Amino acid sequence: MSEPSYEFGVVCEARADQLTACGIADRVLAAEVDWLVPEVRDTIYRWTGVNALPEDRFIRWQKVREELAQRGIKSLFGFFGGESGRPDAFIARQALLLFASLERRPDAVLLVRDSDGDPTRREGLEQARSTHPWPFQVVIALAEPKREAWVLAGFEPANADEMARLRSLRERLSMDPVLKSHELDASEHGAKKDIKRALYELIQDDWDRERQCLDGTPLEVLEQRGRHNGLAAFMAEVRERLVPILKGTGRTG
């Protein structure tokens with residue numbers, strides 16, 4: 001197979017984060033670019049890490065410094081436009097520096113992160129993006145508080161059993177976890193508002209069911225329910241920064 005025309009780098013914590021963010025981006029791109037059909041998508045673009053291998057779809061945040069050291073690349077230190085770095089600003093800048101050093105630079109890089117209840121984490125990612133002239137677009141995918149919030153936003157009961165689980169969960173939480181997933185921000189595992197616990201109670205670690213929540217729910221619904229959990233903001237960034245690349249009006253580098 002020939003090389004795709006475009007490459008989009010991805011930095012995230014785990015495979016599930018890459019699949020979630022890139023899957024949603026795939027849907028937004030397909031909706032906005034009328035000629036982009038699934039049959040040709042792999043020839044147009046691919047998600048990638050830093051090792052130029054077809055199976056290399058992302059680099060973990062934990063591996064960024066190690067990759068920089070192995071390649072002999074000096075880190076960038078110092079302030080961000082005269083301001084001290086907010087949470088994640090330094091590691092995000094290192095990740096972008098790593099992608100900028102590649103022989104084939106990507107056309108865009110996705111910074112996929114959980115806020116873990118810290119609103120300043122978005123500020124840090126934006127600092128890394130805005131205070132250096134990167135040779136590619138930078139897209140922020142910040143799930144608030146975690147990736148599971150985006151899955152919950154796409155949950156629609158598929159049968160009577162799932163309807164009963166959702167009803168029970170609403171009663172336990174005294175709120176709707178589908179409409180207010182951003183409020184499930186407990187940091188303690190197993191706590192009342194632990195978002196991982198809530199998602200488990202609905203779909204019980206069924207990955208295929210997770211995919212249905214993200215792939216089958218209309219984008220308009222995901223966007224409406226995602227106004228406070230970072231999903232709508234991410235979809236807007238895909239439209240603003242990735243769609244123009246495929247339409248030939250926004251390629252950088």
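In this predicted model, helix α5 (residues 120-130) keeps Thr120, Arg121, Arg122, Gly124, Leu125, Gln127, Ala128 and Arg129 buried. That is eight of the helix's eleven residues, so α5 is largely enclosed by the rest of the structure. As for what does the enclosing, the buried residues of α5 pack against two helices and two strands: α4 (89-100) and α11, plus β4 (108-114) and β5 (137-143).

Helix α11 (residues 231-246) also turns up as a partner of helix α1 (residues 15-32), and the axes of this pair come within 9 Å, crossing at roughly 55°. At that angle α1 counts as oblique to α11, because the value falls neither under 35 degrees nor in the 65 to 115 range. The crossing of α1 past α11 is right-handed. On the α1 side, the contact is made by Ala21, Ile24, Ala25, Val28, Leu29 and Glu32, while α11 brings in Leu231, Phe234, Met235, Val238, Arg239, Leu242, Val243 and Leu246. Sorted by character, the residues of this contact come out as twelve nonpolar and two charged, with no polar ones.

Over in the strands, β1 (residues 6-12) and β2 (residues 45-48) run in the parallel sense and pair over four bridges. One of the details here is that tyrosine 6 has tyrosine 45 of β2 as its bridge partner. Tyr45 shares its side of β2 with Trp47, and Arg46 and Thr48 point the other way. Both sets are tucked in: Tyr45, Arg46, Trp47 and Thr48 are all buried.

Definitions and conventions. Residues are numbered from 1 along each chain as its sequence is written. This is a predicted model: local features need pLDDT of at least 70, side-chain atom pairs count only at pLDDT 80 or more; totals for chains, interfaces and linings use all residues. Side-chain values use heavy atoms; hydrogens and water are left out. Axes are lines fitted to C-alpha atoms, for helices over the stretch in contact, and angles run from 0 to 180 degrees between N-to-C directions. Angles under 35 degrees count as roughly parallel, over 145 as roughly antiparallel, 65 to 115 as roughly perpendicular and the rest as oblique. A crossing is left-handed if the near helix is turned anticlockwise from the far one by less than a right angle, and right-handed if clockwise. Contact means heavy atoms within 4.5 Å. Ala, Val, Leu, Ile, Met, Phe, Trp, Tyr, Cys and Pro count as nonpolar, Asp, Glu, Lys and Arg as charged, and the others, Gly among them, as polar. Buried means under 20% relative accessible area, exposed over 50%, partly exposed in between (1.4 Å probe, protein chains only). Two strands pair if DSSP finds at least two bridges between them.
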